[in-house]
Amino acid sequence: MSGLEVELRYRVLRPPYLYRWAVLLSVVVLAIAAMVSVFTSAEGTPTPAPPPATAPAAAPATAAASADLVRGTARTGKFVALTFDDGPDPVYTPQILDALTRAGAVATFCMIGANVTRHPELVRAVLARGMRLCDHTVSHDEDLGKRTEQRVTAEIAGCWSDLQVAAGADVPVPYFRAPGGSWTDLIRDVAARQGMKALSWSVDSRDWTLPGAAQIVTTVQRTVQPGAVVLLHDGGGKRAQTVEALDQLLPWLVAQGYQFDFPA
Ligand SMILES: [Zn+2]
């Protein structure tokens with residue numbers, strides 16, 4: 001027999017081709033079954049599948065959390081959210097707390113970590129009056145947007161830690177406000193990762209320009225509207241004008257039918 005004949009004969013006389021295909025198919029089916037069982041039974045154990053599944057989901061969530069700056073009150077209606085930056089200050093923060101308490105008002109205090117460390121008792125006083133905390137970085141670096149991610153994280157997480165240590169307990173810090181209101185995507189992302197909302201404002205009292213108490217009152221009266229977040233200062237300089245302005249503004253807001261709320 002020639003080689004060709006042998007081969008033809010072999011092919012024709014050996015039906016096991018079918019058998020081989022059956023074996024091959026079985027192996028493939030068993031392999032798939034094994035893979036399926038690994039993926040379904042191994043919850044929590046690292047497999048190649050989870051990272052691609054969670055990474056794209058996490059990215060939009062972070063983006064969504066950091067996409068919008070908070071500029072409004074939590075509740076809708078005739079509410080206003082007062083915010084005080086750059087404290088706590090041993091002279092002005094207690095005076096502002098007293099003014100707020102007299103008016104039955106609440107406010108949010110955006111504190112600088114360095115001041116928090118110097119006056120931890122004021123963090124506890126702010127919390128005891130039912131006010132909320134906002135992280136305003138450790139050192140109030142207005143060029144924070146030009147810093148590395150490591151530095152930005154240190155400034156933001158550092159102030160958050162300073163607030164926890166000062167409070168002597170685990171306290172909520174729902175907001176972060178960038179120094180000078182200078183936001184970058186990185187700053188917003190780091191704050192969001194720390195679980196804080198990016199807090200901006202809709203009304204600038206311009207008390208930081210020291211225009212006189214009467215002008216601060218007029219500026220807020222002209223620009224406030226339901227749902228406003230108002231920027232004021234209890235630290236970062238002499239704030240006697242702000243304290244004096246509050247003595248007029250708080251009763252005026254109440255008379256206008258405003259209620260005090262926190263930012264959204
Ligand atoms: Zn500030």
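Contact here means heavy atoms within 4.5 Å. The model is predicted, so local features need pLDDT of at least 70 and side-chain atom pairs count only at pLDDT 80 or more, while totals for chains, interfaces and linings use all residues. Residues are numbered from 1 along each chain as its sequence is written, and side-chain values use heavy atoms, with hydrogens and water left out.

**Stop 1: arginine 239**

Select arginine 239, in the loop between strand E7 (228-233) and H10. Helices (H or I, at least four residues) and strands (E, at least two) are DSSP runs, numbered from the N terminus. Not counting residues up to four places away in sequence, arginine 239 touches Tyr92, Asp207, Trp208, Leu210, His233 and Asp234. Is arginine 239 buried or exposed? Its relative accessibility is 6%, so arginine 239 counts as buried. Buried means under 20% relative accessible area, exposed over 50%, and partly exposed in between (1.4 Å probe, protein chains only). Now add isoleucine 96 to the selection: the C-alpha atoms of isoleucine 96 and arginine 239 are 9.7 Å apart in space, and the two residues are 143 residues apart in sequence.

**Stop 2: the whole chain**

Zoom out to the full chain, which has 10 helices and eight strands. Of its 264 residues, 40% are buried. Among contacts with a separation of 6 or more, 77% are between residues 24 or more positions apart. The chain exposes about 14000 Å², and 60% of that comes from carbon and sulfur atoms. Accessible areas come from the Shrake-Rupley method with a 1.4 Å probe; for residues, only the protein chains shown count as cover.

**Stop 3: the zinc ion**

Select the zinc ion next. Which protein donors does the zinc ion have? They are Asp86 (OD), His136 (NE2) and His140 (NE2), lying 2.1 Å from the ion. Donors are N, O and S atoms within 2.8 Å of the metal (3.2 Å for Na, K and Ca); water is not among the atoms, so sites may look incomplete. Along the chain, the donors of the zinc ion follow the spacing D-x49-H-x3-H. Both histidine 136 and histidine 140 are buried.

**Stop 4: aspartate 85**

Move to aspartate 85, in strand E1 (residues 79-87). Aspartate 85 counts as buried because its relative accessibility is 3%. Show its surroundings: leaving aside neighbours within four places in sequence, aspartate 85 is in contact with Cys110, His136, Arg177, Leu231, Leu232, His233, Asp234 and Gly235. The zinc donor list also includes His136. In a regular strand the side chains alternate between the two faces of the sheet.

**Stop 5: strands E2, E3 and E4**

Switch to a cartoon view and select strand E2 (residues 107-111) and strand E3 (residues 132-135), which pair in the parallel sense over four bridges. Two strands pair if DSSP finds at least two bridges between them. For phenylalanine 109, the bridge partner in E3 is leucine 133. Add strand E4 (residues 175-176), which pairs with E3 in the parallel sense over two bridges. Here aspartate 135 has phenylalanine 176 in E4 as its bridge partner. Then add helix H7 (residues 149-167): E3, H7 and E4 make a right-handed β-α-β unit. A crossover is right-handed if, with the strands pointing away from the viewer, the path from the first strand over the helix to the second runs clockwise.

**Stop 6: a salt-bridge network**

Stay with H7 and show side chains. A salt bridge is a side-chain nitrogen of Lys or Arg within 4 Å of a carboxyl oxygen of Asp or Glu. Arginine 151 and glutamate 155, four residues apart in H7 or about one turn of the helix, form one at 3.8 Å, N to O. At 35% relative accessibility arginine 151 is partly exposed, whereas glutamate 155, at 6%, is buried. Arginine 147 and aspartate 141 form a salt bridge with their closest N and O atoms 2.7 Å apart. Arginine 147 is partly exposed at 31%, and aspartate 141 is buried at 11%. Asp141, Arg147, Arg151 and Glu155 are linked in a network of salt bridges.

**Stop 7: arginine 102 and aspartate 247**

How many salt bridges does a search of the whole structure find? It finds 10. For one of them, select arginine 102 and aspartate 247, whose side chains meet at 3.2 Å, N to O. This pair links distant parts of the chain, with arginine 102 in helix H4 (residues 92-102) and aspartate 247 in helix H10 (residues 240-255), 145 residues apart. Arginine 102 is exposed, at 63% relative accessibility, and aspartate 247 is partly exposed, at 42%.
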